[in-house]
Number of protein chains: 2
Amino acid sequence: MNDAITHFKVPMNEGSACLGPDGSVAHVGRVLGMLSGRWKLPILFRLFASPSMRSSQFLREMSSISQKVLTQHLRDVEADGLVERRDFHEQPPHVEYRLTRAGHELMPVLLAVREYSRSHPTAGQG
Amino acid sequence: MNDAITHFKVPMNEGSACLGPDGSVAHVGRVLGMLSGRWKLPILFRLFASPSMRSSQFLREMSSISQKVLTQHLRDVEADGLVERRDFHEQPPHVEYRLTRAGHELMPVLLAVREYSRSHPTAGQG
DNA sequence: CAGCATCCCTCTGGATACTG
DNA sequence: CAGTATCCAGAGGGATGCTG
């Protein structure tokens with residue numbers, strides 16, 4: 001049930017606001033915050049693989065996610081400008097989700113993170 | 001009290017294990033997991049700025065962090081191979097923390113994330 | 001100074017039921 | 001099909017007190 005938990009938070013006050021060159025902590029923290037949520041990554045990558053996705057499709061492919069959480073996460077990434085929600089106003093309901101430009105541009109960054117991970121299986125312990 | 005929360009988790013099972021080219025979700029999730037924790041970033045960046053840091057110094061500079069959490073996070077990043085703990089076995093106690101090679105190598109990635117953030121103030125909503 | 005143990009509170013996520 | 005409202009359980013973080 002708990003695959004890989006990751007609780008992340010950021011202060012961005014303290015002296016931390018000036019930690020990096022100009023607020024690296026705050027910036028990185030914001031992005032990590034947008035990725036916070038058990039299914040944010042799966043959702044983003046799925047959208048990266050498919051031009052558009054429907055709620056039911058997400059539910060079907062990520063079988064263990066609840067609809068409430070899916071909607072919640074979808075709303076989050078939408079609010080963060082990563083995903084765009086398009087309602088076709090049909091009956092029965094037809095809604096599609098797509099990556100926005102910002103969402104697409106985030107992928108290279110995530111892939112860079114992935115490369116880091118691949119280069120450091122156990123974090124590099126060296 | 002709550003500056004920027006970020007709850008993040010990853011499934012890495014489901015079909016999600018194959019989401020990206022070969023498990024992008026799992027890889028990215030792992031890294032984000034290592035950065036999960038309200039003070040992980042501040043700690044890492046502080047260490048990036050200073051060759052070494054002592055507990056008391058962290059406590060002093062990140063005034064609102066509790067010692068319990070500091071130790072907890074320090075243990076986490078140490079376990080993840082990002083930070084190295086060096087005990088001088090002195091009296092009074094003298095312990096120093098430094099970024100490991102893996103820790104240093106993570107920084108460029110974090111800076112890339114920061115750049116993304118700088119380029120997308122509101123996530124780019126375009 | 002560095003670290004551990006305890007109690008408590010909040011946030012997030014999951015299960016379920018219901019609406020349009 | 002898409003989404004909302006409740007209730008509930010678990011993880012993480014904060015405050016405080018104590019040890020070597």
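This short talk walks through a predicted model of protein chains with DNA strands C and D.

Let me begin with conventions, since they govern every number that follows. In this predicted model local features need pLDDT of at least 70 and side-chain atom pairs count only at pLDDT 80 or more, while totals for chains, interfaces and linings use all residues. Residues are numbered from 1 along each chain as its sequence is written, chains are lettered from A and ligands numbered from 1 in the order in which they are written, and side-chain values use heavy atoms, with hydrogens and water left out.

Chain A first. Chain A has five helices and three strands, where helices (H or I, at least four residues) and strands (E, at least two) are DSSP runs numbered from the N terminus, and their order from that end is β-α-α-α-α-β-β-α. Of its 126 residues, 48% count as buried, meaning under 20% relative accessible area with a 1.4 Å probe and protein chains only.

Now the interior. The largest nonpolar core (buried Ala, Val, Leu, Ile, Met, Phe, Trp, Tyr and Cys residues joined through side-chain atoms within 4.5 Å) holds 62 residues, and those touching the most other members are Phe58, Leu82 and Leu106 of chains A and B. Taking B:Phe58 as an example, and leaving aside neighbours within four places in sequence, its contacts include B:Ile43, B:Leu70 and B:Tyr97, a contact being heavy atoms within 4.5 Å.

What surrounds DNA strand D? There are 22 residues, and the closest are A:Ser55, A:Ser56, A:Gln67, A:Arg85 and B:Lys68, where near means that a heavy atom of the residue lies within 4 Å of the strand. The element α4(A) gives the most to this surface, with four residues. As for polar contacts (pairs of N or O atoms within 3.5 Å), a polar side-chain atom of A:Tyr97 lies 2.9 Å from a phosphate oxygen of strand D, B:Trp39 places one 3.3 Å from a phosphate oxygen of that strand, and an N or O atom in the side chain of B:Lys68 is 2.3 Å from a base oxygen.

Turning to DNA strand C, 22 residues lie around it, and A:Gly37, A:Lys68, B:Ser56, B:Gln67 and B:Arg85 come nearest. Side-chain N or O atoms reach phosphate oxygens of strand C from B:Tyr97 at 2.9 Å and from B:Arg75 at 3.3 Å, while a polar side-chain atom of A:Trp39 lies 3.3 Å from a phosphate oxygen. On this side α4(B) supplies the largest share of the surface, four residues.

Terms used:
Buried means under 20% relative accessible area, exposed over 50%, partly exposed in between (1.4 Å probe, protein chains only). A polar contact is a pair of N or O atoms within 3.5 Å; within protein, one must be able to donate a hydrogen and the other to accept it, and residues adjacent in sequence count only if both atoms are side-chain atoms.
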